[in-house]
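This report describes one protein chain, element by element. Please look at the sequence and the structure first.

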Amino acid sequence: MFAKEEFDAGCPSTTCYGCGKLILDRYLLAVLDKNWHVSCVRCHHCRETLDTKCFFRDGNIYCREDFYRLYGPRCAGCLEGISPTDLVRRARDKTFHLACFTCAICRKQLSTGEELFVLDRDRFICKDDFHNLRSQDFGFSDEEEEMDEKACSPSLTPSCVTP
């Protein structure tokens with residue numbers, strides 16, 4: 001992505017894509033077929049100098065962290081960006097930061113393989129809270145196991161967490 005070229009005084013002058021000024025330095029960087037001063041290759045968001053890898057969108061360059069935070073996948077819990085280095089949990093078609101994948105009632109962090117129940121498409125509840133809700137809503141206790149799970153509210157459906 002980066003090509004460092006030595007400036008030759010005999011070459012026609014070139015302008016920096018980043019600042020628009022003439023490049024008179026000994027070296028210039030060619031990033032995505034555009035010429036830059038070495039010092040102008042900076043993340044558009046955090047302004048850190050980029051010297052090995054960058055990401056390009058809408059005419060701007062970004063460091064990896066900012067690019068994924070701004071344009072990458074989003075956590076279904078907090079709606080913040082998910083970085084490639086973040087650990088995540090997946091449930092159904094949603095992706096969550098580990099800390100955001102919690103029971104909607106007690107806020108306990110849900111674990112891989114743990115049985116959980118879906119509440120309102122994007123929210124989940126743990127098995128204990130599901131059973132507590134079920135006994136409150138239908139007036140029976142956990143000891144009455146003859147009750148078919150299908151009698152539960154249609155919005156509460158069992159699911160499993162996958163890593």
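## Arg57 and its surroundings

Arg57 is part of strand S4, which covers residues 55–57. The model is a predicted one. With a relative accessibility of 34%, Arg57 falls in the partly exposed class. Leaving aside residues up to four places away in sequence, Arg57 is in contact with Tyr62, Phe67 and Tyr71. In sequence, Tyr71 and Arg57 are 14 residues apart, and their C-alpha atoms are 9.0 Å apart in space.

Arg57 also takes part in a salt bridge with Asp58, in which the closest N and O atoms are 3.9 Å apart. Asp58 belongs to the loop between S4 and strand S5 (60–62). The backbone of Asp58 has a phi near 50 degrees, a positive value in a residue other than glycine. Asp58 counts as exposed because its relative accessibility is 61%, and the cut-off for that class is over 50%.

## Overall make-up

The protein contains two helices and 10 strands. Read from the N terminus, the order of elements is β-β-β-β-β-α-β-β-β-β-α-β. The protein has 163 residues, of which 32% are buried. Its exposed area is about 10,400 Å², with 49% supplied by carbon and sulfur atoms.

Contacts in the protein can also be sorted by sequence separation. Of those between residues at least 6 apart in sequence, 27% join residues at least 24 apart.

## The hairpin of S8 and S9

Strand S8 (residues 115–119) pairs with strand S9 (residues 123–126) in the antiparallel sense, and four bridges connect them. Leu116 has Cys126 of S9 as its bridge partner. Three residues lie between the two strands of this hairpin, where Asp120 adopts a positive phi near 60 degrees.

S8 is largely enclosed by the rest of the structure, because four of its five residues are buried. Another loop residue with a positive phi is Asp33, at a value near 65 degrees. Asp33 sits in the loop between strand S2 (27–31) and strand S3 (34–36), and with 80% relative accessibility Asp33 is classed as exposed.

## Nonpolar cores

In soluble globular proteins, nonpolar side chains tend to be buried together. Here the largest nonpolar core has 16 residues, and the members that touch the most others are Phe96, Phe101, Cys103, Leu110, Leu116, Phe124 and Ile125. S8 and S9 are the elements that give two or more residues to this core. The largest share, four residues, is from S8. Another core, of 15 residues, lies apart from the largest one and includes Val41, Phe55, Tyr62 and Phe67.

Two of the residues named in that second core, Tyr62 and Phe67, are also contacts of Arg57.

## Thr102 in the loop before S8

Thr102 is located in the loop between strand S7 (94–97) and S8. Is this residue, Thr102, buried or exposed? Thr102 is buried, at a relative accessible area of 18%, since buried means under 20%. Beyond residues up to four places away in sequence, Thr102 touches Arg107, Lys108, Gln109, Leu110 and Phe124. Leu110 and Phe124 also appear among the core residues that touch the most other members.

## Salt bridges

The structure has four salt bridges, and the one between Asp58 and Arg57 is described above. Another joins the side chains of Arg69 and Asp66, with an N to O distance of 2.4 Å. These two residues, Arg69 and Asp66, are three residues apart in helix H1 (residues 64–71), so about one helical turn separates them. Asp66 is buried, with a relative accessible area of 6%, whereas Arg69 is partly exposed at 34% relative accessibility.

A salt bridge also connects Glu115 and Lys127, where the closest N and O atoms are 3.3 Å apart. This pair links distant parts of the chain, as Glu115 is in strand S8 and Lys127 is in helix H2 (residues 127–138), 12 residues apart. Glu115 has a relative accessibility of 32% and counts as partly exposed. Lys127 counts as partly exposed as well, with a relative accessibility of 37%.

Definitions and conventions. Residues are numbered from 1 along each chain as its sequence is written. This is a predicted model: local features need pLDDT of at least 70, side-chain atom pairs count only at pLDDT 80 or more; totals for chains, interfaces and linings use all residues. Side-chain values use heavy atoms; hydrogens and water are left out. Two strands pair if DSSP finds at least two bridges between them. Buried means under 20% relative accessible area, exposed over 50%, partly exposed in between (1.4 Å probe, protein chains only). Contact means heavy atoms within 4.5 Å. A nonpolar core is a set of buried Ala, Val, Leu, Ile, Met, Phe, Trp, Tyr and Cys residues joined through side-chain atoms within 4.5 Å. Accessible areas come from the Shrake-Rupley method with a 1.4 Å probe; for residues, only the protein chains shown count as cover.
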